[in-house]
Amino acid sequence: MRFYILFFLFPFVTFSQVSGVVTDTDGNNLPFVNVYVENSTAGTTTNGEGFYELELDQSWSDKTVTLTFQFLGYTTVNKEITLKEKQVLDITLVPETTSLDEVVVTAGVNPADAIVKAAIAKRKENLNAISSYTASFYSRGLWQVKDAPEKILGQEVGDLGGALDSTRTGVIYLSETLSDIAYERPNNFSEKIKASKVSGDDNGFSFNTAIDANFSFYENTIDLNVQMLSPIATNAFTNYTYKLEGTFIENNQIINKISVTPKRPKDKVFTGTIYIVEDEWQLYGVDLKVTGEVIQVPVVKDLNFKQSFKYDKTQRRWIKISQVIDFSFGFFGFNGDGRFIAAYSDYNFAPQFEKASFSNEVLSFEPEANKKDSLFWINKRPVPLTTVEQTDYIKKDSIQVIRKSQKHLDSVDARGNKFKVWSPVMGYTFRNTYKRYSFTYDGLISNVNFNTVQGWHGGTGFNYFNWSDDDYQKTFYAFAKANYAFSEDRLRYTVGISRRFNRTNRSRLSVTAGVETRQFNAENPISENINTITSLYYERNYLKIYERSYAEAAYSQEIFNGLRGFLNVAYEDRKALSNTTDQTWYPKDDIVYTSNNPLDPLNEGTLSFEDHQIVKAQLTAQINFGQKYYNYPTGKFNISSDRYPTVFLTYETGLGASQEQYNFNQLRIRLRHGFNIGNKGRFNYNIKAGTFLNDAGDISFVDYQHFNGNQTRIGTEGTYINRFNLLPYYERSTNNNYLEAHAEHDFKGWVLGKIPGLNAFNFNLVVGGHVLSTVENKPYTEWSIGLDNLGWGKYRFLRLDYVRSNGLDKPDGAFIFGLKFLDLF
């Protein structure tokens, strides 16, 4: 379909405009062809249907210029025209004719290898050639769903905000941005979004950004969940096979077309074509693909990168002017595809930056950026909309007022608010979207578990949630929960409120009170569900708890960029508890339940501490050095970085205890960090150290420093950098100085991907080391080796490790079966 009708809707526009359709010799429209004025920064790109429009200001009128039409795989066309106010220029591109006539082929020598080696030799020079620039940036993102299911896990999907038609097909996300970007080597970057549009939400702000679209194949690796090796990386020849398909002439330079394929299946490399300029050894373009299986993102089926470059005579460099990322996906019955396009123009390679030109704010918005009207976008959008995109904008913009009306929102809520027969048992939620609140009843069976102190216990709760606007900038949450323990014949309850004041410094205040049981280790090293299974089936009651009646207040906020503070103050009335039941489904002659006293587990009659009251306070500072962030009008969003570790400094005190010896002071520090080592995987570490400032020899066992152990042989985290997998839960708890360190390296296929046969399974080799040093004991260590990314098809949520420990009575070894999906709950 042609869109010429759009040009006659605005007769008052005063600029030169060239538009048309680019096709191949068979009449097929060609998407994302680069169209630009030779020897200038002015340009555009055809849309997904081959249509383009190039708008130039009045200074171009009546000038004779050369328009260049460039598309990978086709012969570039240069067309000389005299610019008028409006004109139509359709172009037909002919498939590029490549030739090997000029290539000197030596027996036994692959001619592609020499070309790639030359490109590799100049990779770093080309990467760093441009030290600074400014440019205009345009991006557009589109997600489409096909044949969406009506229900997932019994829950109705609905029409996804009006996105789906009667065939359960439609656009679920469409957004675009126009921005100014600036770069200064090595790490300075900023983006100012001038205009942002989200289909169906006239108050929305797009999440398309230039920094997220910045993929350079001059880098050794491309981060796509795993580190994908570039075809011109320093060590590319260990993973790629190259074939010279032919050469052609562009801008009086020879362009080499080279196909790239993996040497081994599941290698973390691309498949496709790269174009390398002879003698300059720069990229002319790339067309590379990878599957979701290779990058270990199960929902992604395929991912395709296309980049095109234009020769800049002033820089004597081929400069990236467009990028298209196509993808397809599928999960839980959802199938679809999408595309993110990026267009770069108006480069300035000699910007006059000042010291204040860059800061840790890498993204910001101009005022009213999301309020631009249709005329603005028609005039400024460098890549025209396709029919599907136009239809989606028109449809959703026309119905968004209706869909935000009270009548419509109430009708949608009414379907979800139906009270069902099983609601008294399973739970129920009432939602009023128009008035922005919801009320939830938890049901009776969601928290039913067993332990030897309470026996069977379960409860219910009521929750109220309120939000200020569609972006949830301010929220209010209140709850009341009750839990009844049958063996104890004891009812416990908690109530609380929580208020988030904004999404800029994310200040939050919460107040809670009540009576509850808690694990001695407040990090809850064993889940109640797993303890229920180990107790009833194997007579292993690992969960150890005490009771506290308390009132607690907590406040947190970002004090300034990179520094976040947490303050917690609580009054606690603590009571030690004992076992009240020995119920088990499969009694063992040689096994008996241990007591609820971690200090004396074999003596049922003892308690771990004397009942007491205490005021406990904790102050924590979280430090992120060099914290970069996005500054949206709706809030501040910090960007995770591998450059520096995150540091936590904590001071904890107990004072005013009814048992004076229970007062204490503790200082601790924690460093957490993760970073990629090229394409050789990801290394993570977590180091903790602390000291008790006063003589803490008689403090309550509750306030000891506890360490996350594991006696179940089941792992529930994605990574094991905060746990010892063979250490009994309270074996090394201390009230003295301590040092704890964990490290783990996931090779992400770098090792196993090179082993024939085994590489077909796409497993990851993982190795780890752990050490714990306390004053009272010799160091405890664990070493592990394992396989990650286990599972079937798209469901890769399992892991298996063999762990070896030293430092207890005797060395030990065991397999740990990881259920990573439990880390999601």
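These legends accompany several close-up views of a predicted model.

**View 1. The whole chain, with eight helices and 44 strands.** Let us start with the overall picture before moving in. The chain has a radius of gyration of 31 Å, close to the 28 Å that the globule rule gives for 825 residues, so it is as compact as a globular protein of that length. Measured out along the principal axes, its C-alpha trace spans about 95 × 70 × 50 Å. Buried residues account for 50% of the 825 residues. Of the contacts between residues at least 6 apart in sequence, 61% join residues at least 24 apart. The surface that the chain exposes comes to about 38900 Å², and carbon and sulfur atoms supply 56% of that area.

**View 2. An open sheet of four strands in the order β3-β2-β5-β6.** Here we come to a sheet whose pairing is antiparallel. Its edges are β3 (43-45) and β6 (77-82); each has a single partner strand, so one side of each is left without a neighbour in the sheet. From one strand to the next, the twist averages 20°. As a reminder for this view, strands of a sheet pair through backbone hydrogen bonds, either parallel or antiparallel.

**View 3. Strand β2 beside strand β5, paired over four bridges.** This close-up follows residues 34-37 of β2 and residues 64-70 of β5, which run in the antiparallel sense. At one place in the pairing, N34 stands opposite Q70 of β5. At another, V37 has L67 of β5 as its bridge partner.

**View 4. The hairpin of β2 and β3, with five residues between the strands.** On this side of β2, the antiparallel pairing with β3 extends over three bridges. Look for Y36, whose bridge partner in β3 is G43. In the turn, N39 has a positive phi of about 60°.

**View 5. Both faces of β2 are covered.** In a regular strand the side chains alternate between the two faces of the sheet. For β2, N34 and Y36 lie on one side, V35 and V37 on the other, and all of these residues are buried. Two of them have already appeared with their bridge partners: Y36 with G43 in β3, and V37 with L67 in β5.

**View 6. Helix α8 and what covers its buried residues.** The buried residues of this helix are I530, N531, T532, T534, S535 and L536. Their cover includes β26 (449-451), β27 (455-467) and β39 (714-715). Following the helix comes E539, with a positive phi near 55°.

**View 7. N541, in the loop between α8 (528-538) and β31 (545-560).** Is this loop residue buried or exposed? N541 is buried: its relative accessible area is 4%, and the cut-off for buried is under 20%. Its side chain makes a polar contact of 3.1 Å with the side chain of T452. The side chain of N541 also reaches the backbone oxygen of T594, at 2.8 Å. Leaving aside neighbours within four places in sequence, the contacts of N541 are T452, N531, S535, N579, Y593 and T594. Among them, N531 and S535 are familiar from the previous view, where they belong to the buried residues of α8.

Definitions and conventions: Residues numbered from 1 in each chain as written. Predicted model: local features only at pLDDT ≥ 70, side-chain atom pairs only at ≥ 80, totals over all residues. Heavy atoms only, no water. Pairing = 2+ DSSP bridges. Helix = DSSP H or I, 4+ residues; strand = E, 2+ residues; numbered from the N terminus. Axes fitted to C-alpha atoms, helices over the stretch in contact; angles between N-to-C directions. Rg over C-alpha atoms; globule rule 2.2 N^0.38 Å. Buried < 20%, exposed > 50% of the residue type's maximum accessible area, 1.4 Å probe, protein only. Contact = heavy atoms within 4.5 Å. Areas by Shrake-Rupley, 256 points an atom, 1.4 Å probe, with all protein chains shown as cover. Polar contact = N/O pair within 3.5 Å; in protein donor to acceptor, adjacent residues only side chain to side chain.
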